[in-house]
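Grab a coffee and load the coordinates into your favourite viewer. Here's a short set of exercises to work through, each with a solution you can follow along.

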Amino acid sequence: MKKFLLNALSVLTTVFLTVTAIFAQAAKPAATAPVKTTAAANETAHALLYKISGKNLKKPSYVFGTIHIICPNDMFSMEKLSGYLDQTDQLVMELDMDNTAEMQAMGAGLVMPDGKTLKDFLNAEQFAKVDEMFKNYMGMSAENVKQVKPAFLAIMLAASPKVLGCAPGSYEKSLLEAAVAKKKGVEGLETTASQFAVFDKMPLEKQAKDLYEMAANPQKSFDQFKALIATYKQQNSDALYETINAQAGDDKEFKTNLLDNRNIDWVPKLEKAMTERASFIAVGGGHLGGKKGVLNLLREKGYKIEAIKL
C-alpha cells in the first residue's frame, strides 16, 4: 500500500486545492453561476505564466500556475515552459521534490494517527457506500486503504484513470525532470510537514463525512472537478481563483489557511530566491489570483508582473 500511495503522491504532490474542489461540490447543486473576475483582474492581462521583473532584480523570474491533476493531452506545452525555465537559474516549487527525505515524509502524513481507520468515523452502511465507490472507480476495496486520511482517498479517486479518462500527468514532475537534466537548482517554499499541518486542521470526522457525501453521487463531484480543469485551460488566474473560492463555500477559514496565509508566507521567500538567482516558480494556479494572491502581493512589493500566453 505504501508504494502505491507514494507513487500517487509523486504525481500529485500538492493536492489541497483538488480536495477543496471535490469535497465542496459533493454537497452543492450541479449548476454554478458564471465566474466574475475582480476589478483588478480586468486591468491586467490574464494568463497562468507571468514574467516578474523590476525592483532590485538583475534578471527576470517567471511564475507558472500549475494544476495537480490533469490529463497529459490537456497540459500546456512543456517545450514552451522549458524555454522559460532555460532563462532562469533555479526551479522553485511548493515542495522540494528533489529532496528524498521530504518525499518519504509524505507516506507518514497520509495515514490517520493512533491506528484509526475510516471505519472509526463511518457506520457499516456508510462504509459500504464508500467501498462501492472505490470498487466502481478504482477497481479495489476501500478496505485496502482504510487507514488513509479520507481527504486523500478523494484525491485517489479523482486521479484514477477511470475518472479522468487518462493516466494523469504532472507539471511538477515534468519541470523537476527538466531542471535536474539542465543541472539547475531546485528549492521548496515549504515542507511536507507544513502542508499536512494546514490540511490536518480539517477534522477527520468532517473528512469522513464529506467522503461519504461524495459517495452518494460521485459523478457530480467528478464532473465539477472537470469543470475546474476547463477553467484552468482558459489561462485566467483570476477566474481560476474565483472558481476555487466559490467552491470553498462557507468554509472561509479553511480557504484562508489553504491559500491566503501560505501566499503571505511565501512572498519573502520568493523575494529572497529571485534576488539571489533568476527563478522559475511553479505553484498551484489557485495561489496566483485574488487580492492576497502571489501576483498582487508581488505587485504591492514593487515588482512588474507581465502575462505570457502559452
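What follows is a handful of exercises on a predicted model, each with a worked solution.

**Exercise 1. Find out how far you can trust the model: what is the mean pLDDT, and where does pLDDT stay under 50?**

Step 1: start with the whole chain. Its mean pLDDT is 83, and 83% of the residues reach 70 or more.

Step 2: now look for the weak spots. Over residues 1-25, pLDDT stays under 50, and the model has 78 contacts beyond four places in sequence for that stretch. Residues 27-43 also stay under 50, with 21 such contacts.

**Exercise 2. Work out the strand order of the 6-stranded sheet and name its edge strands.**

Step 1: read across the sheet. The order is 4-3-5-2-1-6, the sheet is open, and the pairing is mixed.

Step 2: pick out the strands that pair on one side only. Those are strand 4 (185-188) and strand 6 (304-308), so by that pairing they are the edges.

Step 3: check the twist. Ignoring direction, neighbouring strands here are turned by 20° against each other on average.

Step 4: see what packs on the sheet. Helix 4 (residues 78-86) does, touching strand 1, strand 2, strand 3 (90-93), strand 5 (279-284) and strand 6. The direction of helix 4 makes about 135° with that of strand 5.

**Exercise 3. Show where the "mixed" in the pairing comes from.**

Step 1: recall the general picture. Strands of a sheet pair through backbone hydrogen bonds, and the pairing can be parallel or antiparallel.

Step 2: take strand 1 (residues 49-53) and strand 2 (residues 61-66). They run antiparallel and are joined by 4 bridges. Tyrosine 50, for instance, has valine 63 in strand 2 as its bridge partner.

Step 3: move to strand 3. It runs parallel to strand 4, with 4 bridges between them, and leucine 91 has valine 186 of strand 4 as its bridge partner. Strand 3 also runs parallel to strand 5, again through 4 bridges, and valine 92 stands opposite isoleucine 281 there.

Step 4: ask whether the faces of strand 3 are covered or not. Both are: Gln90 and Val92 on one side, and Leu91 and Met93 on the other, are all buried.

**Exercise 4. Classify the ring pairs Phe64/Tyr171 and Tyr137/Phe222, and decide whether each ring is buried or exposed.**

Step 1: get the total. There are 6 aromatic pairs in the model.

Step 2: try phenylalanine 64 and tyrosine 171. Their centres are 5.1 Å apart with 75° between the planes, which makes the pair edge-to-face. The two sit 107 residues apart along the chain, phenylalanine 64 in strand 2 and tyrosine 171 in helix 9 (residues 171-181).

Step 3: check burial. Phenylalanine 64 has a relative accessible area of 0%, so it's buried. Tyrosine 171 counts as buried too, at 0%.

Step 4: repeat for tyrosine 137 and phenylalanine 222. The centres are 5.1 Å apart and the planes are at 75°, so this pair is edge-to-face. Tyrosine 137 belongs to helix 6 (residues 124-138) and phenylalanine 222 to helix 12 (residues 218-233), 85 residues apart.

Step 5: burial once more. Tyrosine 137 comes in at 16%, and because the cut-off for buried is under 20%, tyrosine 137 counts as buried. Phenylalanine 222 is buried at 2%.

Step 6: look for a cluster. Phe64, Phe76, Tyr171 and Tyr232 form one.

**Exercise 5. Find which rings have a lysine charge sitting over them, then look around proline 161.**

Step 1: the charged end of lysine 119 sits over the ring of phenylalanine 127, 5.0 Å from its centre. The charged end of lysine 162 sits over the ring of tyrosine 137, at 5.8 Å from the centre.

Step 2: proline 161 lies in helix 8 (residues 161-164). The C-alpha atoms of proline 161 and tyrosine 137 are separated by 8.5 Å, with their positions 24 residues apart along the chain.

Step 3: leave out residues up to four places away in sequence, and proline 161 touches Cys166 and Ala167.

**Exercise 6. Decide whether serine 53 is buried or exposed, and list what it touches.**

Step 1: place serine 53 in strand 1.

Step 2: serine 53 has a relative accessible area of 14%, so it's buried.

Step 3: skipping residues up to four places away in sequence, serine 53 touches Pro60, Tyr303, Lys304 and Glu306.

Technical notes
Residues are numbered from 1 along each chain as its sequence is written. This is a predicted model: local features need pLDDT of at least 70, side-chain atom pairs count only at pLDDT 80 or more; totals for chains, interfaces and linings use all residues. Side-chain values use heavy atoms; hydrogens and water are left out. Two strands pair if DSSP finds at least two bridges between them. Axes are lines fitted to C-alpha atoms, for helices over the stretch in contact, and angles run from 0 to 180 degrees between N-to-C directions. Contact means heavy atoms within 4.5 Å. Rings of Phe, Tyr and Trp (its six-membered ring) pair if their centres lie within 6.5 Å; planes under 30 degrees apart count as stacked, over 60 as edge-to-face and the rest as tilted. Buried means under 20% relative accessible area, exposed over 50%, partly exposed in between (1.4 Å probe, protein chains only). A charge sits over a ring if NZ of Lys or CZ of Arg is within 6 Å of the ring centre and within 35 degrees of the ring normal. pLDDT is the predictor's confidence in each residue, from 0 to 100.
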